[in-house]
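Reader: I would enjoy a friendly walk through this fold, one question at a time. Could you take me along?

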Amino acid sequence: MAYRGLMPESYLSSLQPRDWAKRYDFSPGDRTKPTTLVALEGERVLGFATVSAHACGCAGRLSALYVDPDLWGQGCGRALVGAARERLVQLGCHEAELWVVVGNERAEQFYRRDGWVADGIEKVDKIRGIAVHQRRYRRSLLETGSR
């Protein structure tokens, strides 16, 4: 898993999809509410990406990207991040940001290949009492395709 060794195992094993699903409001109309795109094969969920537009300006955020680890390197992540960028453009965004847990080299390499650039901004958030050090990446959405 992407966060093994970066976050406590007790925290990771406590994560439940149903708990995360409760955080979302799927009612239409508000561009700042998260939109989750899901990659399916039949009824099997291969991965998902969640995006939202910022309330002010033309920027958006990729707030989650998850692909089943058994499928890493097979193109599902590239397809999801591409669809996420397209959705942000549909929401009127010209640029986007995302945050990566510092030390998640695989994720940082993935995003850099897709044209995201670390802008030097870092933060530490407390998640369930755990300090999570994150690095911000940004990307123009005016460019077409991935790199």
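Author: Gladly; the questions below go from the sheet to its helices, then to rings and cysteines, and the model is a predicted one.

Reader: In what order do the six strands of the open sheet lie?

Author: The sheet is open and its pairing is mixed. From one strand to the next, the twist averages 25°. Read across the sheet, the order is β1-β2-β3-β4-β6-β5.

Reader: Why is one side of β1 and of β5 left without a neighbour in the sheet?

Author: β1 covers residues 35–41 and β5 covers 117–127, and both stand at the edges. One side of each is left without a neighbour because each has a single partner strand.

Reader: Which residue in β6 is the bridge partner of V124?

Author: Strand β6 spans residues 130–140, and eight bridges join β5 to it. The two strands run antiparallel. Within β6, the partner of V124 is H133.

Reader: What angle does the direction of helix α4 make with that of β4?

Author: Helix α3, residues 76–90, packs on the sheet and touches β1, β2, β3, β4 and β6, with its direction at about 160° to that of β3. Helix α4, residues 105–113, packs on the sheet too, touching β3, β4 and β6. For α4 and β4, the angle between the directions is about 160°.

Reader: How is the aromatic pair of Y111 and W116 arranged: stacked or edge-to-face?

Author: There are three aromatic pairs in the count, and F110, Y111 and W116 form one aromatic cluster. Y111 and W116 are both buried. Their ring centres lie 6.2 Å apart with 75° between the planes; planes over 60 degrees apart take the name used here, so the pair is edge-to-face.

Reader: Which residue lies over the face of W99?

Author: Here a charge sits over a ring if, among other conditions, NZ of Lys is within 6 Å of the ring centre. The distance from the ring centre of W99 is 4.2 Å, and the residue is K123.

Reader: How many disulfides does a search of the whole structure find?

Author: For C58, the nearest cysteine sulfur is that of C93, 7.5 Å away. A disulfide needs the sulfur atoms within 2.5 Å, so C58 is in none. C93 is in no disulfide either, and the search of the whole structure gives zero.

Reader: Is C93 buried or exposed?

Author: C58 has 40% relative accessibility, so it counts as partly exposed. C93 has 2% relative accessibility, and buried means under 20%. C93 therefore counts as buried.

Notes: Residues numbered from 1 in each chain as written. Predicted model: local features only at pLDDT ≥ 70, side-chain atom pairs only at ≥ 80, totals over all residues. Heavy atoms only, no water. Phe/Tyr/Trp six-rings, centres within 6.5 Å; stacked < 30°, edge-to-face > 60°. Buried < 20%, exposed > 50% of the residue type's maximum accessible area, 1.4 Å probe, protein only. Lys NZ or Arg CZ within 6 Å of the ring centre and 35° of its normal. Pairing = 2+ DSSP bridges. Helix = DSSP H or I, 4+ residues; strand = E, 2+ residues; numbered from the N terminus. Axes fitted to C-alpha atoms, helices over the stretch in contact; angles between N-to-C directions. Contact = heavy atoms within 4.5 Å.
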